[in-house]
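Here are my notes on the model you sent over. Have it open in a viewer while you read, since the points jump around the chain a bit.

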Amino acid sequence: MIKKIALCSIVLIGLYACKTEEKKDTPSLMKEVMSVHDAVMPKMGTIGKLVKVLNQQKDSLLEVSPTEEIVLKMDALSKGVDSLQSAHKKMMTWMKDFGSNFTAEEILKGKALSPEKQLILEQEAIKVNEMETSIIGSIQYAEQLSKQ
C-alpha cells in the first residue's frame, strides 16, 4: 500500500512539474516577443526621421545636373527610403496581427494559452525577430546613405 502511495505521489509530482514548466514557457516566450517589440518600437521615430533626411537629399540632387554618379546616388536613396518604409509597414502589420491573435490578459498578464495559441505565439516569435532584423538593417543602411 505504501509503495502505491509513493508511486502515485511521484507520478503526481512529475505531472505537476511538467505542467508548471509548460506555464513558465508560455509567459517567457510572450515576454521575449514583447521585449523585442518594445526594443524596436522606439525606432519607428528614427525611421520617420531618416525617410525625411533621405528624401531631402534626393530633392537636393534634383537641382544638380544628372551625372551617372548622381543617378546612382538617387537610386540608392530611393532604395533606402523603400527599405525604411517596408520595415515600418512590417512593424504595423505585425502589431495588428499580433493584437488580433492574443488578448490583453494573454499579452500583459501571462494568461495561459491554448495549444493552438501556443503554436501561433511560436510563429509570432519568428515574425517579430524577422521584423526586428528588417528595422535594424534598414536603419543602418539609411544612416550610411545619409552620411555619404
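The points below go from the overall fold to the core, then to two helices, an aromatic cluster and one serine.

1. Overall make-up. Keep in mind that this is a predicted model. The protein has five helices and zero strands, so the order of elements from the N terminus reads simply α-α-α-α-α. Buried residues account for 30% of its 148 residues. The accessible surface is about 10100 Å², and carbon and sulfur atoms own 61% of that.

2. Contacts along the chain. Take the contacts between residues at least 6 apart in sequence: 76% of them join residues at least 24 apart.

3. The main core. Which members of the largest nonpolar core touch the most other members? They are Met-30, Val-33, Ile-47, Leu-84, Phe-98, Leu-121 and Ile-135, out of 33 residues in that core. Four helices each put in at least two residues: α1 (2–40), α2 (43–62), α3 (68–101) and α5 (115–147). The most comes from α3, with ten residues. As background, nonpolar side chains in soluble globular proteins tend to be buried together.

4. Val-33 as a way into the core. Leaving out residues up to four places away in sequence, Val-33 touches Trp-94, Phe-98, Leu-121, Ala-125 and Val-128. Phe-98 and Leu-121 also appear among the core members that touch the most others.

5. Helix α3. This helix has 34 residues, and its first and last C-alpha atoms are 49 Å apart, close to the 50 Å expected at 1.5 Å a residue. Its buried residues are Ile-70, Lys-73, Met-74, Ala-76, Leu-77, Gly-80, Val-81, Leu-84, Ala-87, Met-91, Trp-94 and Phe-98. You may want to click on Lys-73, a lysine in that buried list.

6. Helix α5. Does the length work out here, and what span should one expect? With 33 residues at 1.5 Å a residue, α5 should span 48 Å, and its end C-alpha atoms are 49 Å apart, which agrees. The buried residues of α5 include Leu-121, Ala-125, Val-128, Met-131, Ile-135, Ile-139, Ala-142 and Leu-145. Gln-118, Glu-124, Ser-134 and Ser-138 are on the buried list for α5 too.

7. The aromatic cluster. There are two aromatic pairs in the structure. Trp-94 and Phe-98 make a stacked one, at 4.7 Å centre to centre with 20 degrees between the planes. Because these two sit four residues apart in helix α3, about one helical turn separates them. Trp-94 counts as buried because its relative accessibility is 5%, under the 20% cut-off. Phe-98 is buried as well, with a relative accessible area of 3%. Phe-98 also pairs with Phe-102, this time tilted: 4.9 Å centre to centre and 40 degrees between the planes. Phe-102 is buried, like Phe-98. Trp-94, Phe-98 and Phe-102 together form one aromatic cluster.

8. Ser-146. Is this residue of helix α5 buried or partly exposed? Its relative accessibility is 22%, so Ser-146 counts as partly exposed; the cut-off for buried is under 20%. Setting aside residues up to four places away in sequence, Ser-146 touches Val-53, Leu-54 and Gln-57. The C-alpha atoms of Ser-146 and Asn-55 are 9.9 Å apart, although their positions lie 91 residues apart along the chain.

Note on methods. Residues numbered from 1 in each chain as written. Predicted model: local features only at pLDDT ≥ 70, side-chain atom pairs only at ≥ 80, totals over all residues. Heavy atoms only, no water. Core = buried A, V, L, I, M, F, W, Y, C linked by side-chain atoms within 4.5 Å. Buried < 20%, exposed > 50% of the residue type's maximum accessible area, 1.4 Å probe, protein only. Contact = heavy atoms within 4.5 Å. Expected span 1.5 Å × (residues − 1). Areas by Shrake-Rupley, 256 points an atom, 1.4 Å probe, with all protein chains shown as cover. Phe/Tyr/Trp six-rings, centres within 6.5 Å; stacked < 30°, edge-to-face > 60°.
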